[in-house]
Amino acid sequence: MSIETVVARVHASLDEIENMVSGGINFPLEAYVDAISLNALCGALRVAPKDWRADELMRILLIRDGLYDTRNRLRDVGDDAEHSLERLLSVTDRLYADLERALRDLDKNELDAAQGSLAEMRRGPQIPSATIAGTLSNIGQEANALLAQTSVTHNHIEVNLLRIERSQLNVDVNVVVELLKSAQLKIRRLSANVFAIKLQLEQTVIFQGIYKFLTNGADKVVSELKELVTEIKRAYATATDFVSDIVNLAEKGGRFSRLVADMLGHAFGDDTGPAPRHVDFRVQKYQQSDAILSGLHADGANVLLGNKDGYLWTMDVDSGAVTEQERLANAGITSIAKFDSQFEKYFAIGTEDGLEVTFAVGRARTGFQAPYREHVAAVATPRWGDAIVTGTRDGIVRRWSLAGGLSQHSPESTRKIDRSIQRMTVHGERLIAASGEHLQFLDEDLNTVQRVGVDFKISDMVFVGRDAMIVCGAGHIAHVNLQGGIYSRFLISSSEVKYSSLAVLDDGIFCVGTEDGFISAIDFSSGEEIGRVDVGFPVRGLLTAKGKLIAYGGDWKRRGRSAAILNWREVMDADAARGLA
């Protein structure tokens, strides 16, 4: 029997398994076996022999061993199962037998070399899995999420292959078809590496060599996918829909590889990687007042803080003293933005009663007030001349002008974009509004030119580079790729924590505050918490000035701690940092 015939039989078994997973079986499959793993198994084994690389055979051998274990578990479960698993057992038995036959029909020297390499890896450093069970469980969850994404992305490309129109192409249609098929092959290879790692998580022993081999393979595919994106964009004019899927997948794949590499470093004492980062916080001074709702770094050592009763403070972060205090409104100051050019400087202040603009803070203040009242939740000063844009609690954005006083830019300069708006910020020539569970990118006519959903209500957002943003909300901290216009990945997910505020602390480090008074420093690349401090009051906002972190908030119902100035430093050894406490 030819290798092509045997591989065709393998693919027929994979087709039947995929049919079962998609609902072609009369009992709840998920009660007995992980559907994500079955889909990943099918994807991993669909790489045709003509496309196999030297490392492909080693991964297939690892997957074959995992398939053997799956068959045994199904038999154990099937004895006491409520439903008959005979059909599933039959197809997995047939798949295993055909896969064994396909391996025997390959070049014997190649097979012996692959088996020898794996045997050598198993003779290297190893530890019992039970010693790092919690870490392995977390990696397993990440693997499931990544495997689900590989399936979605592969299918999305398949749909696009069927819909290609010549008018959308910048080159010959065959070039684009080959690029998309190449992307599918690389995605299958990524899936195979991740699935093989997932199978290894279930073993009683962790082999350092096996994990390193699979992690390096995943890293290589991630790099290839990133390079391929540029080629696809150049060749396929309307490729943005699934190109963003590939970018997303590459980022998740890179994060997964780092998680496994970190696990190996900790488990085997590998000191070749960078030293662990740790941030040590120290409170310099607290402020006592009613709840503070908003803040802004004005200049130098001065920060502005607006409270729930309409008072605006100027605080010196060096001394911790409040140098100016004035009541600007009869309601809470919810947002503060600054316009600063060589010709003029002013502050736009959003309140629960509307918008105010002031050209100075303190006793010499002059300015304007908007002609009507509305609950302004966010304010920004985009680079559209002298524009000020407000966002209301009711989801309305409005553009203002200072020409001849403070007035609406034009009768058309207002839009209702959602049911609510929480935050606004400027990104290049565009304005980004956090509205409900979406980021909306607005042009100067306030038209939404892009919309990114993030699956949770956004409390705050902050840039971590020119084209990347961190967003947070109840239970979630996530990364958004602004260049691709996609929601990329969760950094942290915890249903019990209400994340409220963000600030960038240093290169690769940001801070997040919570409603129960904790501030955590997070390493952006790994998503790990590397520092933590309890400030003792609900945190509503974070900002930085002169190398210090300023947290503000406080209890809404009574006077108490409402702001803290924190000094911080990064040390490269967590044990040394703990010794400073």
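Which charged end sits over the ring of Y286? It is that of R561, placed 3.7 Å from the ring centre. I should say at the outset that the model before you is predicted. A second contact of this kind involves K308, which lies over the face of W556 at 5.5 Å from the centre of the ring.

I turn next to the aromatic side chains. A pair of aromatic rings is described by the distance of the centres and the angle of the planes. The search of the whole structure returned four aromatic pairs. One of these is F339 with Y346, a stacked pair with 4.9 Å from centre to centre and 10° between the planes. Y346 also takes part in a pair with F359: here the centres are 5.8 Å apart and the planes stand at 70°, so this pair is edge-to-face, since an angle over 60 degrees is classed that way. In sequence terms, Y346 belongs to strand 9, residues 345-351, whereas F359 is found in the loop between strand 10 (354-358) and strand 11 (367-369). The pair therefore ties together parts that are 13 residues apart in sequence.

Are these rings buried or exposed? Y346 is buried, with a relative accessible area of 0%, and F339 is likewise buried, at 14%. F359 has a relative accessibility of 31%, so it counts as partly exposed. Together with F368, the residues F339, Y346 and F359 make up one aromatic cluster.

Now to the sheets. Strands 17, 18, 19 and 20 form an open sheet in the order 17-18-19-20, with antiparallel pairing. The edges are occupied by strand 17 (423-427) and strand 20 (448-453); each has a single partner strand, so one side of each is left without a neighbour in the sheet. On average, neighbouring strands of this sheet are turned by 20° against each other, direction ignored. At one edge, strand 17 pairs with strand 18, residues 430-435, in the antiparallel sense over five bridges. Within that pairing, H427 has R430 in strand 18 as its bridge partner.

A further antiparallel pair consists of strand 21, residues 460-463, and strand 22, with four bridges joining them. In this pair, M461 is bridged to V471 of strand 22. The two strands form a hairpin with four residues between them, and in that hairpin G465 takes a positive phi near 130°. Strand 22 itself, residues 468-481, is mostly covered, as 13 of its 14 residues are buried.

I close with two helices. Helix 7 runs over residues 173-201, and its 29 residues reach 42 Å from the first C-alpha to the last, close to the 42 Å expected at 1.5 Å a residue. Of those 29 residues, 24 are buried, so helix 7 is largely enclosed by the rest of the structure.

Helix 5, residues 108-122, has 15 residues, which should span 21 Å at 1.5 Å a residue; its end C-alpha atoms are 21 Å apart, in agreement. Which residues of helix 5 are buried? L111, A114, L118 and M121 are buried there. They cover an arc of only 90° around the axis, which puts them on the same side of helix 5. On the other side of helix 5, K108 and N109 are exposed.

Technical notes. Residues numbered from 1 in each chain as written. Predicted model: local features only at pLDDT ≥ 70, side-chain atom pairs only at ≥ 80, totals over all residues. Heavy atoms only, no water. Pairing = 2+ DSSP bridges. Axes fitted to C-alpha atoms, helices over the stretch in contact; angles between N-to-C directions. Phe/Tyr/Trp six-rings, centres within 6.5 Å; stacked < 30°, edge-to-face > 60°. Buried < 20%, exposed > 50% of the residue type's maximum accessible area, 1.4 Å probe, protein only. Lys NZ or Arg CZ within 6 Å of the ring centre and 35° of its normal. Expected span 1.5 Å × (residues − 1). Arc of directions from axis to C-beta.
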